Amino acid sequence: MKKNLLLSSCLVALSFLVGCAGSAQDGEDLEVPTDLPPICRDIDFVANPDMREVCGVRKASHNVAYKNIPQQRYLIKPAETSIVKTNGKMELRFQNSLPIILEGPINNEIVFTQEKRLERIKNTYDYHEITRKGQERLRIFKMGIPTDKGNKYDFCFRIPERKGNDRTRSKAMGVNIEKMSCSDFDSIVATK
């Protein structure tokens with residue numbers, strides 16, 4: 001009797017330990033790459049664990065506290081734009097351009113959980129291309145980014161013209177998008 005009781009308590013303890021060693025139920029122990037192919041972006045890797053290997057998602061090691069895992073949320077406009085949280089900073093990433101660091105209270109108001117990863121941020125995007133006689137083309141845009149706390153923050157940018165010609169610059173070179181004040185953006189658009 002004592003032997004059976006001891007054996008059953010050992011089995012219960014062992015099954016508890018094995019259950020704890022598995023993946024977290026909320027997916028917080030998953031490393032989701034920031035360069036996921038578009039087909040993998042809307043997959044819930046907790047509900048569909050068989051898709052992890054195909055999409056390059058893996059479980060974080062036990063040293064996760066010592067490793068910085070970038071977290072990402074996609075915006076609806078323009079396509080392929082995302083906000084990435086890495087090294088305690090938030091970056092706005094556009095396709096084929098250098099990352100732009102987002103500063104201010106927005107850093108504490110966007111949630112980067114596994115569940116939120118599947119929700120695109122419903123931002124606004126106001127793009128203007130202005131060409132005046134004797135001046136180079138001016139391309140500017142404003143993005144309104146809503147947060148999970150209900151606030152919305154506006155960020156304004158200027159896309160400079162690429163220097164050189166096709167022979168001297170690579171097609172693969174990224175564009176260096178520049179920040180500008182939104183009051184300057186509004187005055188330029190008003191005098192358009």
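**Exercise 1. Find the hairpin.**

Task: Work out which strands form a hairpin with five residues between them, and which glycine in the turn has a positive phi.

Solution:
- Step 1. The hairpin is made by β8 and β9.
- Step 2. Gly150 sits in the turn, with a positive phi of about 95 degrees.
- Step 3. Keep in mind that this is a predicted model.
- Step 4. Now look at the pairing. β8 and β9 run antiparallel and are joined by eight bridges.
- Step 5. Pick one opposing pair: Lys142 faces Cys156 in β9.

**Exercise 2. Place the hairpin in its sheet.**

Task: Give the strand order of the open sheet that holds β8 and β9, and say which strands stand at its edges.

Solution:
- Step 1. The order is β7-β8-β9-β10, four strands with antiparallel pairing.
- Step 2. The edges are β7 (124-130) and β10 (178-180), and each of them pairs on one side only.
- Step 3. On average, neighbouring strands here are turned by 25 degrees against each other, direction ignored.
- Step 4. A helix packs on this sheet. α4 (residues 182-190) touches β7, β8 (138-146), β9 and β10. The direction of α4 makes about 125 degrees with that of β8.
- Step 5. Check the remaining pairings. Seven bridges link β7 and β8 in the antiparallel sense, with His128 opposite Ile140 in β8.
- Step 6. Strand β9 (residues 152-159) and β10 are antiparallel too, with three bridges. Phe157 lies opposite Lys179 in β10.

**Exercise 3. Is β8 enclosed or open?**

Task: Decide how far β8 is enclosed by the rest of the structure.

Solution:
- Step 1. Count its buried residues: eight of nine.
- Step 2. Draw the conclusion. β8 is largely enclosed by the rest of the structure, because so many of its residues are buried.
- Step 3. Set this beside the whole chain, where buried residues make up 32% of the 192 residues.

**Exercise 4. Read the other four-strand sheet.**

Task: For the open sheet with the order β3-β4-β5-β6, explain why one side of β3 and of β6 is left without a neighbour.

Solution:
- Step 1. The pairing in this sheet is antiparallel.
- Step 2. β3 (71-74) and β6 (100-102) stand at the edges. Each has a single partner strand, so one side of each has no neighbour in the sheet.
- Step 3. Neighbouring strands are turned by 30 degrees against each other on average, direction ignored.
- Step 4. Go inside the sheet. Strands β4 (residues 82-86) and β5 (residues 89-93) are antiparallel, paired over five bridges. Thr86 stands opposite Lys89 in β5.

**Exercise 5. Find the core.**

Task: Name the residues that touch the most other members of the largest nonpolar core.

Solution:
- Step 1. The core has 19 residues. Ile83, Leu92 and Ile145 touch the most other members.
- Step 2. Ask where the core draws its residues from. β5, β6, β8 and β9 each supply at least two.
- Step 3. Take Ile83 and set aside its neighbours within four places in sequence. The contacts of Ile83 then include Leu75, Met90, Leu92, Leu102, Phe112, Ile121 and Ile145.
- Step 4. Look for another core. One of eight residues lies apart, with Val32, Leu36, Cys40 and Cys55 among its members.
- Step 5. Add the background. In soluble globular proteins, nonpolar side chains tend to be buried together.

**Exercise 6. Trace the disulfides.**

Task: Which cysteines are joined, and what pattern do the disulfides follow along the chain?

Solution:
- Step 1. The count comes to two disulfides.
- Step 2. Cys40 is joined to Cys55, S to S 2.1 Å. The angle about this S-S bond is -80 degrees, a left-handed link.
- Step 3. Locate its ends. Cys40 is in the loop between β1 (30-31) and α2 (52-55), and Cys55 is in helix α2, 15 residues apart. Both Cys40 and Cys55 are buried.
- Step 4. Cys156 bonds to Cys182, with sulfur atoms 2.2 Å apart. This link is right-handed, with 110 degrees about the S-S bond.
- Step 5. Cys156 lies in strand β9 and Cys182 in helix α4, so this pair ties together parts 26 residues apart in sequence. Cys156 and Cys182 are buried.
- Step 6. With bonded cysteines counted along the chain, the pattern is 1-2, 3-4.

Notes:
Residues numbered from 1 in each chain as written. Predicted model: local features only at pLDDT ≥ 70, side-chain atom pairs only at ≥ 80, totals over all residues. Heavy atoms only, no water. Pairing = 2+ DSSP bridges. Axes fitted to C-alpha atoms, helices over the stretch in contact; angles between N-to-C directions. Contact = heavy atoms within 4.5 Å. Core = buried A, V, L, I, M, F, W, Y, C linked by side-chain atoms within 4.5 Å. Buried < 20%, exposed > 50% of the residue type's maximum accessible area, 1.4 Å probe, protein only. Disulfide = S-S within 2.5 Å.
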